[in-house]
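Here is a friendly walk through one protein chain and its ligand. Please keep the 3D view open as you read.

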Amino acid sequence: MINVIGLGYIGLPTALMMASHSVEVVGTDYNRELVDTLNQGKTTFKEKGLDELFSDAVAKGIRFTTEYQKTDTYIVSVPTPYDKFSKKVDPSYVVAAVKDVMKVCPKGTTVVIESTVSPGTIEKFVRPVIREAGFVIGQDLNLVHAPERIIPGNMVYELLHNNRTIGADDREVGERIAKLYASFCQGEIVVTDIKTAEMTKVVENTFRAVNIAFANELAKICRHDNMDVYEIIRICNMHPRVSILQPGPGVGGHCISVDPWFLVGDYPSLAKVIDEAMRTNDGMPDFVLNRIYEIMNEKGMTDISRVGLYGLTYKENVDDMRESPTLQLLESQERHLATGLKVYDPFVEKDVVKNQYHELDTFLQDVDFVVIMVKHNEIRENMDKLAGKVVLDCHNICELPGVYHI
Ligand code: SAJ
């Protein structure tokens, strides 16, 4: 039986996917409310295909509990935030989860860490906890790192199809866990050592962060000299070896906006390009805020409460708001002692910020200036409703005349 520890954005789909492929799975989370919701037959976040996967897994016998199970395989998928000052990974959730596993696990067990960690984290923080519990690693207990790779918005497909990395001290153990993942994963599964696996995961997200920063920097250069960044990127991307990403209002989520900082925190004198790239991305919400003021000025608008931000989540068609550019922009506005911007997101049902709307039409009635912060399908399908308004389109999706860009 597999005990999946942590039933968040990664743990839950992973547990469901294994269960739906007839692996015996118990999902554990210390959040009783979350476990109760799952036991009532409801999923805890919106994601394409998740509800269907959930029903299938429940039918195949998956169970959810707050209790750690006594078993031979654990998969730990708890969050790894970063310390905002040191920029280093905060391993406290992983350490706490492994400590709890140690209280119940028998000898011979395998602990798989799926959470993203910086290179060396398992050596420095996880191994000592296991040793302190009296286990000899490699003899009484096996340790594996299997970093997740799925993208919110397409998690179910990517769980099935992405290639995976398994890091283990012992090749045989790595191959055994690779077989477990092969119960559902149709991609290639590479077995390597733990530190290499840690590094690959952080590097993958850093590659994307640096490339997004490049696009954002181009947007700033083009704005400065009145050039069309989208046309420039489109033409450049016709070159066989050029593939530039898209500029945007900032980088959110719990991965691309966080993981590269681990390298900056651990290698401050070496990770220069990464450091600068992360600052560029983090500066984008402020850049958008300045654009809003600039455009208001140009249009002779003075009332910020007639300006509305469309989108609160960190990207399109997900309900995840972690590190979202809209939240960063609102915080920045408050730091400047200004408030009043209106906000709407079809994916966010609860009230989380001031002046938040829950219906597109009423939101649009109350604003003259719309800032497209997130390119949800909903706004793409209702673009005609923006006619006659001032529009700042941070994603280049609006074809109405007179639209402003970042
Ligand atoms: N973004 C841009 N421009 C782009 C692409 C993205 O500004 O051209 C922004 C998005 O709007 C969003 C942020 O970047 O705010 C991150 O979004 P994303 O879709 O690039 O990635 P995530 O954070 O949802 O998921 C990433 C993925 N990593 C890579 O693609 C290398 C995913 O595969 C990982 O599993 C995930 O991080 C994770 O959990 O680590």
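The report starts with the overall fold, moves to the ligand site, and ends with two loop residues.

**The chain as a whole**

Please keep in mind that this is a predicted model. Its chain has a secondary structure of 15 helices and 14 strands. With a radius of gyration of 23 Å, close to the 22 Å that the globule rule gives for 406 residues, the chain is as compact as a globular protein of that length. If you want a frame for the view, the C-alpha atoms fill a box of roughly 70 × 50 × 45 Å along the principal axes.

**The ligand site**

Where does the ligand sit? The space it takes is the second largest pocket. Around the ligand there are 19 residues, and the closest are Glu148, Lys201, Asn205, Arg208 and Tyr314. Sorted by class, this shell has nine nonpolar, four polar and six charged residues.

Three polar contacts of the ligand are set out below, with the atom on each side and the distance.

| Residue | Protein atom | Ligand atom | Distance |
|---|---|---|---|
| Tyr314 | polar side-chain atom | oxygen | 2.5 Å |
| Gln246 | polar backbone atom | nitrogen | 2.8 Å |
| Lys315 | polar side-chain atom | oxygen | 2.9 Å |

How much of the ligand's accessible area does the protein cover? On its own the ligand has 780 Å² of accessible area, and the protein covers 87% of it. Tyr314 thus appears twice in this picture: it is listed with the closest residues of the shell, and its side chain offers a polar atom 2.5 Å from a ligand oxygen. Gln246, on the other hand, meets a ligand nitrogen through its backbone.

**Two loop residues with positive phi**

Which backbone angles deserve a look in your viewer? Lys87 has a phi near 70°, a positive value in a residue other than glycine. You will find Lys87 in the loop that runs between strand S4 (73–76) and helix H4 (92–104). Asn317 is not a glycine either, yet its phi is positive, at about 60°. The loop holding Asn317 lies between strand S9 (307–310) and helix H13 (325–335).

Notes: Residues are numbered from 1 along each chain as its sequence is written. This is a predicted model: local features need pLDDT of at least 70, side-chain atom pairs count only at pLDDT 80 or more; totals for chains, interfaces and linings use all residues. Side-chain values use heavy atoms; hydrogens and water are left out. A residue is near a molecule or strand if one of its heavy atoms lies within 4 Å of it. A polar contact is a pair of N or O atoms within 3.5 Å; within protein, one must be able to donate a hydrogen and the other to accept it, and residues adjacent in sequence count only if both atoms are side-chain atoms. Accessible areas come from the Shrake-Rupley method with a 1.4 Å probe; for residues, only the protein chains shown count as cover. On a 1 Å grid over the protein atoms alone, a cavity is a set of points where a 1.4 Å probe fits but cannot get out, and a pocket is an open set with protein on both sides within 12 Å along at least five of seven lines; lining residues have an atom within 4 Å of a point. A molecule sits in a cavity or pocket if more than half of its atoms lie within 2 Å of its grid points. Ala, Val, Leu, Ile, Met, Phe, Trp, Tyr, Cys and Pro count as nonpolar, Asp, Glu, Lys and Arg as charged, and the others, Gly among them, as polar. Helices (H or I, at least four residues) and strands (E, at least two) are DSSP runs, numbered from the N terminus. The radius of gyration is taken over C-alpha atoms; the globule rule is 2.2 Å times the number of residues to the power 0.38.
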